[in-house]
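The following note sets out points on helix packing, nonpolar cores and backbone geometry for a colleague's consideration. Each point may be checked against the sequence and coordinates shown here.

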Amino acid sequence: MKISIGADHRGYELKQHLITYFSAYSWIDQGATSEQRSDYPVFAKRVCNDLLQGKAEQGVLLCGSGVGISIAANRHKKIYAALCWSADIARLAREDDGANVLVLPADFITPEQAVEIFQQWHNASFKQGIYQKRLDMIDLDL
């Protein structure tokens, strides 16, 4: 499974930590490439495009609060980006809401928390059924 990952300057260090910690996974690193100031919409678009074009099955995005990059990602149809600050929220975001993009608030979680949150989200499965019906409603602009 390929995972596309992107972060602005505030999420850069935590992004690098995840890539290193989970080095056995196949990552597509969409930047940033340093802690030099950068704009989160660029990285959200790159990761979302990887998912929409079938280059990746999952996406991970990081910025300081996670809010801005979540907003940018969720502008794309068929992208369900969930801002998660705990492992339980991440698991439920995947199981109940079909989140195909995990968003992490880099300024508010530790590297250890990020690892646990990612693991719970990555290993969870979408329940489908009524939950898929709700996603379909979103994509129909209802």
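**Notes on the predicted model**

1. At 46% relative accessibility, lysine 78 counts as partly exposed, because that class lies between the buried limit of 20% and the exposed limit of 50%. The structure under discussion is a predicted model. Lysine 78 sits in the loop that runs between helix 3 (67-73) and strand 4 (81-83). Its phi is positive, about 75°, although lysine 78 is not a glycine. Most residues other than glycine have a negative phi, and most peptide bonds are trans.

2. Glutamine 128 also has a positive phi, near 70°, in a residue other than glycine. The residue belongs to the loop between helix 5 and helix 6 (130-139). With a relative accessibility of 39%, glutamine 128 counts as partly exposed. Its C-alpha is 7.9 Å from the C-alpha of aspartate 96, and the two residues are 32 residues apart in sequence.

3. One peptide bond deserves a separate entry. The bond from glycine 31 to alanine 32 is cis, and its omega is near -5°. Alanine 32 is placed in the loop between strand 2 (26-29) and helix 2 (40-52).

4. The next point concerns the pairing of helix 4 (residues 87-95) with helix 5 (residues 111-123). Their axes come within 7 Å and cross at roughly 20°. Angles under 35 degrees count as roughly parallel, so helix 4 and helix 5 are assigned to that class. The crossing of this pair is right-handed. On the helix 4 side, Ala87, Ala90, Arg91 and Arg94 take part, and they meet Glu116, Ile117, Gln120 and Trp121 of helix 5. Sorted by class, this contact comprises 4 nonpolar, 1 polar and 3 charged residues.

5. Helix 5 also packs against helix 1, here at an angle of about 60° with the axes 10 Å apart. Helix 1 and helix 5 are therefore oblique to each other. The crossing of helix 1 and helix 5 is right-handed. Helix 1 contributes Leu14, His17, Leu18 and Tyr21 to the contact, while helix 5 contributes Pro111, Ala114, Val115 and Phe118. By class, the contact of helix 1 with helix 5 holds 7 nonpolar residues, 1 polar residue and no charged residues.

6. The largest nonpolar core has 24 residues, of which Leu18, Trp27, Val60, Leu62, Leu102, Leu104 and Phe118 touch the most other members. At least two residues of this core come from each of strand 1 (2-7), helix 1 (12-21), strand 3 (58-63), helix 4, strand 5 (101-105) and helix 5. Helix 5 gives the most, with 5 residues.

7. Which residues are in contact with leucine 18, leaving aside its neighbours within four places in sequence? They are Ile5, Trp27, Val60, Leu62, Leu104, Ala114, Val115 and Phe118. Leucine 18 thus links two of the preceding points: Leu18 is listed in the contact of helix 1 with helix 5, and Leu18 also appears among the core residues that touch the most other members.

8. A second core, separate from the one above, consists of 15 residues. Its members include Ala44, Val47, Ala56 and Ala72.

Definitions and conventions:
Residues numbered from 1 in each chain as written. Predicted model: local features only at pLDDT ≥ 70, side-chain atom pairs only at ≥ 80, totals over all residues. Heavy atoms only, no water. Axes fitted to C-alpha atoms, helices over the stretch in contact; angles between N-to-C directions. Helix = DSSP H or I, 4+ residues; strand = E, 2+ residues; numbered from the N terminus. Parallel < 35°, antiparallel > 145°, perpendicular 65-115°, else oblique. Left-handed = near helix turned anticlockwise from the far one by under 90°. Contact = heavy atoms within 4.5 Å. Nonpolar A, V, L, I, M, F, W, Y, C, P; charged D, E, K, R; others polar. Core = buried A, V, L, I, M, F, W, Y, C linked by side-chain atoms within 4.5 Å. Buried < 20%, exposed > 50% of the residue type's maximum accessible area, 1.4 Å probe, protein only.
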